[in-house]
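This report concerns helix packing, buried side chains and internal space in one protein model. Please consult the sequence and the structure shown here alongside the text.

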Amino acid sequence: MLDSFPRPILLAHRGDQTYAPENTLPAFIQAIQKGADGVELDAKLTSDGHVIVIHDGEVDRTTDGKGKVASLSLEAIRKLDAGSWFDPKFAGTKVPLLEEVFEAVGKDKLINIELTNYYGPRDDLAQRVCELIKRHNNAGQIIFSSFYSSNLKITQQILPEVPRGLLALPGLLGLWARSFGFMFGDYQALHPHISNVSREQIQRAHRVKRRIHVWTANSPEDLRRLKEWGADGIFTDDPGTAVSTLKEAG
Ligand code: G3P
């Protein structure tokens with residue numbers, strides 16, 4: 001499915017997060033309405049094993065609650081308001097289940113699922129997400145990503161046909177992932193931070209038939225430059241601006 005989209009694919013980072021609360025259904029729906037090729041989201045497990053979509057390890061920043069996601073049940077998390085912190089007009093918005101995002105996005109768009117069990121990498125997150133994809137029969141629209149190669153290894157065993165992108169932290173912390181980790185691992189894409197991307201790096205990846213999906217580009221200058229360099233994918237916080245900028249760039 002990746003190849004059926006024009007290059008670069010445009011993925012709305014946590015949805016249309018400039019104009020709606022990140023990682024919520026309104027943010028994902030708005031991103032699709034604005035013409036993004038797909039959305040990026042952060043998957044985590046509740047204490048009782050449900051896959052929800054939230055970025056931080058705690059609910060504090062993006063809801064009216066407090067506490068670690070991994071210590072809260074689905075019932076407790078569903079009582080929280082995940083919209084008012086952003087704008088009162090989103091009051092009552094819930095932290096979504098992954099399956100609800102699948103339903104809201106539909107099957108024609110891409111969904112980059114970042115496996116974000118960074119505080120508890122031995123949990124069942126990757127297995128549970130793969131089960132949901134099988135149940136929903138939508139493997140063709142998924143890209144997996146994670147900073148932890150162990151997560152991507154599990155998805156490779158269960159759903160080998162789903163592309164895997166290795167995330168690399170900016171700067172020195174991401175050096176290993178950007179070089180040996182990526183080149184000698186079994187990944188279809190590297191997901192580097194925009195501060196570490198160059199035309200040469202993109203060309204190197206293309207020589208070995210791999211893709212580069214860059215996070216995060218918001219300004220028209222950055223978007224145009226990445227397109228010109230041949231980036232295969234771009235994560236953006238502002239899909240409306242990105243869609244029109246790339247359209248104008250031809
Ligand atoms: O997938 C790109 C990006 O989401 C990685 O960083 O912190 O936004 O999950 P973060």
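The sections below treat a helix pair, two residues within that pair, and then the cavity and the pocket.

## Packing of helix 4 and helix 5

The model is predicted. In it, helix 4, which spans residues 125-136, packs against helix 5, residues 149-158, at an angle of about 35°. The two axes lie 9 Å apart, and the crossing of helix 4 and helix 5 is right-handed.

Helix 4 contributes A126, Q127, C130 and K134 to the contact, and these meet N151, I154, T155 and I158 of helix 5. Sorted by class, the residues in this contact comprise four nonpolar, three polar and one charged.

## Two buried residues in the helix pair

N151 belongs to helix 5. This residue counts as buried because its relative accessible area is 2%, and the cut-off for burial is under 20%. With neighbours within four places in sequence set aside, N151 is in contact with L115, N117, A126 and S146. Of these partners, A126 is also one of the helix 4 residues that meet helix 5.

H136 is located in helix 4. Its relative accessibility is 16%, and H136 is therefore classed as buried. With neighbours within four places in sequence again excluded, the contacts of H136 are F102, E103 and K107.

## The enclosed cavity

How many cavities of 30 Å³ or more does a search of the whole structure find? The search returns one. The largest cavity holds about 60 Å³ of space.

Its lining is formed by E22, N23, T24, V53, I54, H55, T62, T63, A82, V95 and P96. By class, the lining of the largest cavity is made up of five nonpolar residues, five polar residues and one charged residue.

## The largest pocket

The largest pocket contains about 280 Å³ of space. It is lined by 18 residues, and those nearest its centre are R14, D42, H55, E114 and F147. H55 also appears in the lining of the largest cavity.

Which element gives the most to the lining of the largest pocket? Strand 2, residues 38-45, does so, with three residues. The classes in the lining of this pocket are six nonpolar, six polar and six charged residues. In the lining of the largest cavity, by contrast, one residue is charged.

Technical notes
Residues are numbered from 1 along each chain as its sequence is written. This is a predicted model: local features need pLDDT of at least 70, side-chain atom pairs count only at pLDDT 80 or more; totals for chains, interfaces and linings use all residues. Side-chain values use heavy atoms; hydrogens and water are left out. Axes are lines fitted to C-alpha atoms, for helices over the stretch in contact, and angles run from 0 to 180 degrees between N-to-C directions. A crossing is left-handed if the near helix is turned anticlockwise from the far one by less than a right angle, and right-handed if clockwise. Contact means heavy atoms within 4.5 Å. Ala, Val, Leu, Ile, Met, Phe, Trp, Tyr, Cys and Pro count as nonpolar, Asp, Glu, Lys and Arg as charged, and the others, Gly among them, as polar. On a 1 Å grid over the protein atoms alone, a cavity is a set of points where a 1.4 Å probe fits but cannot get out, and a pocket is an open set with protein on both sides within 12 Å along at least five of seven lines; lining residues have an atom within 4 Å of a point. Grid points are joined across faces, edges and corners, and a volume is the space filled by probe spheres set on the points. Buried means under 20% relative accessible area, exposed over 50%, partly exposed in between (1.4 Å probe, protein chains only).
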